[in-house]
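Thanks for asking me to look through this model with you. Here are my notes, written so that you can follow them with the viewer open.

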Amino acid sequence: MKLSDRITAATMHATARWTVRYGEVLRFAGSDLPRPRPIRVPTRHGRVRVHVYLPLSEPVPGAAHVHFHGGAFLMRYPFMDDWWCRYLAATTRVPVLNVDFRAAPYVTYPVAHHQCHDVAAWAAADGGDLRLDRDRISVGGFSSGGNLAASVSLQARDGGRWLPALQVLGIPVLDFHDEHGYDEPGMITPELRRLVRRVYFPDPASRLEPLASPLLAQNLSGLPPAVVLTAERDVLRHDGRRYTARLREAGVPVRHDETPGTDHYFLTENPVRARTTMAMVAESISAAVS
């Protein structure tokens, strides 16, 4: 890893809590929830901190949604999605587990992917004092978090012990091998994508693995139902659209929603439409885990 790459990634890692503000206009519900309860969950790469958001009213028995934040595998700041976790907990009455997985440049693939899977599998095993039901666990995330949710679903299917009830893939990046079509202007620049590849996926061969690039998986059958969110001007829309088509071809139920006229921060860019999109996702989670 070049020293300049490491310095850039370390700066992004350390400053995310002050630089990421994209969801502040989307606090439509859940602001009255208490502070999330931190717990530590064992994984194959050490214990991981998880922030548990609990609804004010009686939670849906046995259910939980496991959320993976974005940040290009470089920003370790789960509270960038505090607004989303609060919204889901308040509107679905489902506890939300916001995972503080490790990020580059301090780890490389597959550490974050393994940690996210292991936290979701722990929840499916019973979630300790949360007393969860393996059939009532959904997963989801935005951007790189969408990649993690898709990867967790593949890992769960291939492990054969449990399967998420739903995977929510928000503006997901799903292919780190094929760069064709990603040089167009937009919020996700070619420079950022190359930095992620060099820092979190330094071994070019790793970018071909389905758990890193779910679009490259030969077989998508048997995966959980999906909600795929894309944005019309986001360069990552290609990944979401292609994955939607492949899931449908494999017989997996998919609901695909694309926000017109927006780039990567699609919900913030159109907060009026965001209410409908967010409500649809919440309803999908509620239906899947009930």
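The points below go from the sheet to its central strand, then to the cores and two single residues.

1. A word before we start: please keep in mind that this is a predicted model.

2. Let's begin with the sheet. It is open and built from 8 strands, in the order 1-2-4-3-5-6-7-8, with mixed pairing. Strand 1 (37-41) and strand 8 (254-259) are the edge strands, each pairing on one side only. From one strand to the next, the twist averages 20 degrees.

3. Two helices to find against this sheet are helix 6 and helix 8. Helix 6 (residues 237-249) packs on the sheet and touches strand 6, strand 7 (226-231) and strand 8. The direction of helix 6 makes about 160 degrees with that of strand 8. Helix 8 (residues 271-289) also packs on the sheet, where it touches strand 3, strand 5, strand 6, strand 7 and strand 8. For helix 8, the angle with the direction of strand 8 is about 165 degrees.

4. Strand 5 deserves a slow look. Why can strand 5 (residues 137-142) be called largely enclosed by the rest of the structure? Buried here means under 20% relative accessible area, and 6 of the 6 residues of strand 5 are buried, so the strand is largely enclosed by the rest of the structure.

5. Now for the two sides of that strand. In a regular strand, side chains alternate between the two faces of the sheet. Here I137, V139 and G141 point one way from strand 5, while S138, G140 and F142 point the other way, and all are buried.

6. Which strands does strand 5 pair with? On one hand there is strand 3 (residues 64-68), which runs parallel to strand 5 and is joined to it by 5 bridges. Within this pairing, V66 has V139 as its bridge partner, and H67 stands opposite G140. On the other hand there is strand 6 (residues 167-170), paired with strand 5 in the parallel sense over 4 bridges. There, F142 stands opposite G170. Between strand 5 and strand 6 the chain passes through helix 4 (residues 144-159), making a right-handed β-α-β crossover.

7. On to the nonpolar cores. The largest has 59 residues, and V66, F68, L97 and Y243 touch the most other members. Helix 3 (residues 111-125) supplies the largest share of this core, 8 residues. Apart from it lies another core, of 30 residues, including Y22, A89, V227 and A274.

8. L97 is a handy place to centre your view. Setting aside residues up to four places away in sequence, L97 touches V50, H51, V52, A64, H65, V66, H67, W122, A123 and L130.

9. D118 sits in helix 3. Is D118 buried or exposed? Its relative accessible area is 12%, and since the cut-off for buried is under 20%, D118 is buried. The side chains of D118 and H117 are joined by a polar contact of 3.0 Å. Leaving aside neighbours within four places in sequence, D118 is in contact with P42, T43 and R44.

10. Finally, P105 lies in the loop between strand 4 (96-100) and helix 3. With a relative accessible area of 5%, P105 is buried. P105 and P38 are 67 residues apart along the chain, and their C-alpha atoms are separated by 24 Å.

How values were computed: Residues numbered from 1 in each chain as written. Predicted model: local features only at pLDDT ≥ 70, side-chain atom pairs only at ≥ 80, totals over all residues. Heavy atoms only, no water. Core = buried A, V, L, I, M, F, W, Y, C linked by side-chain atoms within 4.5 Å. Buried < 20%, exposed > 50% of the residue type's maximum accessible area, 1.4 Å probe, protein only. Contact = heavy atoms within 4.5 Å. Pairing = 2+ DSSP bridges. Right-handed = clockwise from strand over helix to strand, strands pointing away. Axes fitted to C-alpha atoms, helices over the stretch in contact; angles between N-to-C directions. Polar contact = N/O pair within 3.5 Å; in protein donor to acceptor, adjacent residues only side chain to side chain.
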